[in-house]
Amino acid sequence: MSTGSPFPAGSPDPCDETRRESVPKLLTDFKKFLMRGNVVDLAVAVVIGTAFTAVVKALVSDLITPIVAAIFGQPSFESLAFTINGSHFAYGDFLNNVLAFVTIATAVFFLIVAPINALMSRRAKEDPDTKECPECTSAIPVKAKRCPLCTSELVTAD
């Protein structure tokens with residue numbers, strides 16, 4: 001039995017108004033999702049992390065490995081291994097990876113973590129969010145007129 005529609009019986013009509021409205025709403029919702037701060041921040045972090053990985057790999061291979069070679073006589077410990085009862089233990093590869101990890105952790109700490117912590121502590125001193133209650137020494141918001149813990153009235157410095 002033909003209904004005159006080119007589409008199979010029981011399938012939704014593609015010209016249905018409710019379907020037309022759902023596509024733009026879906027695209028709008030997707031746009032909102034992409035423009036939320038955490039998604040953009042995450043994308044930036046991945047890009048920066050990838051670039052930083054290349055810098056750290058270059059630091060390890062171009063500077064640290066030659067220093068290791070100068071001290072220990074070989075640029076890589078990869079060939080160090082021993083065999084016991086037919087089992088091959090490549091401890092040199094493990095040493096290479098430990099050295100790379102320690103170097104990367106050191107670079108991240110001294111090039112990123114320490115400067116950011118210093119900047120944040122300097123910023124916290126310049127623009128404090130809290131002050132100390134003179135009665136109970138608890139931390140309270142700067143704009144507070146009464147301490148929420150001891151309920152003493154605070155003198156404002158206006």
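Helices and strands are DSSP runs, with at least four residues for a helix and at least two for a strand. In this predicted model, the chain has 3 helices and 4 strands. Follow the sequence and the pattern reads α-α-β-β-α-β-β.

How far can the model be trusted? The average pLDDT of the chain is 78. A score of at least 70 is reached by 82% of the residues. The elements range between two ends: α1 has the lowest mean pLDDT, 74, and strand β1 (residues 82-84) has the highest, 91. Keep a general caution in mind: where pLDDT is low, the predicted coordinates should not be read in detail.

Now take the chain as a whole. Buried residues make up 11% of its 158 residues. The accessible surface comes to about 12900 Å². Carbon and sulfur atoms account for 65% of that surface. Contacts tell another part of the story. Of those with a separation of 6 or more, 13% join residues 24 or more positions apart.

Begin the tour at helix α1, residues 17-35. Here Lys25 forms a salt bridge with Asp29. Their closest N and O atoms are 3.1 Å apart, and the cut-off for a salt bridge is 4 Å, so the pair qualifies. Lys25 and Asp29 are 4 residues apart in the helix, which means about one helical turn separates them. Lys25 is exposed, at 52% relative accessibility. Asp29 is partly exposed, at 34%.

Next comes the stretch around β1 and β2. Asn85 sits in the loop between β1 and β2 (87-89). Its phi is positive, about 50°, although Asn85 is not a glycine. As a general rule, most residues other than glycine have a negative phi. Is Asn85 buried or exposed? Its relative accessibility is 81%, and the exposed class begins over 50%, so Asn85 counts as exposed.

The surface also carries a nonpolar patch. Its members are Phe82, Ile84, Phe89, Tyr91, Phe94, Leu95, Val98, Phe101 and Val102. Together they have about 850 Å² of accessible area. Two elements give two or more residues to this patch: β1 and α3 (91-126). Which element gives the most? That is α3, with 6 residues. Look at Phe94, which is placed in helix α3. With 55% relative accessibility, Phe94 counts as exposed.

Asn96 gives a contrasting view of the helix. Asn96 also lies in α3, but this residue is buried, with a relative accessible area of 19%. The cut-off for buried is under 20%, so Asn96 falls inside that class. What does Asn96 touch, leaving aside neighbours within four places in sequence? Its contacts are Ser76, Phe77 and Glu78.

Move on to the end of the chain. The largest nonpolar core is here, made of 5 residues: Cys133, Ile140, Ala144, Cys147 and Leu154. Ile140 shows how such a core is joined to its surroundings. Beyond its neighbours within four places in sequence, Ile140 is in contact with Asp129, Thr130, Lys131, Cys133, Cys147, Pro148 and Leu154. Among these, Cys133, Cys147 and Leu154 belong to the core.

Cys136 lies in the loop between β3 (130-132) and β4. Cys136 is partly exposed, at 29% relative accessible area. Setting aside neighbours within four places in sequence, Cys136 is in contact with Cys147, Leu149 and Cys150. One of these, Cys147, is a core residue.

Thr151 is 15 residues from Cys136 along the chain, and their C-alpha atoms are separated by 9.5 Å. Thr151 is found in the segment after β4 (139-141). Its phi is positive, near 60°, and Thr151 is not a glycine. Thr151 counts as partly exposed, at 46% relative accessibility.

One more pair completes the tour. Arg146 forms a salt bridge with Glu153. The closest N and O atoms of this pair are 3.2 Å apart. Arg146 is partly exposed, at 45% relative accessible area, whereas Glu153 is exposed, at 62%. With this pair and the one in α1, the count comes to 2 salt bridges.

Conventions. Residues numbered from 1 in each chain as written. Predicted model: local features only at pLDDT ≥ 70, side-chain atom pairs only at ≥ 80, totals over all residues. Heavy atoms only, no water. Salt bridge = Lys/Arg side-chain N within 4 Å of Asp/Glu carboxyl O. Buried < 20%, exposed > 50% of the residue type's maximum accessible area, 1.4 Å probe, protein only. pLDDT = per-residue confidence, 0-100. Patch = residues over 30% accessible without salt bridge, like charges linked within 9 Å, V, L, I, M, F, W, Y side chains within 5 Å. Areas by Shrake-Rupley, 256 points an atom, 1.4 Å probe, with all protein chains shown as cover. Contact = heavy atoms within 4.5 Å. Core = buried A, V, L, I, M, F, W, Y, C linked by side-chain atoms within 4.5 Å.
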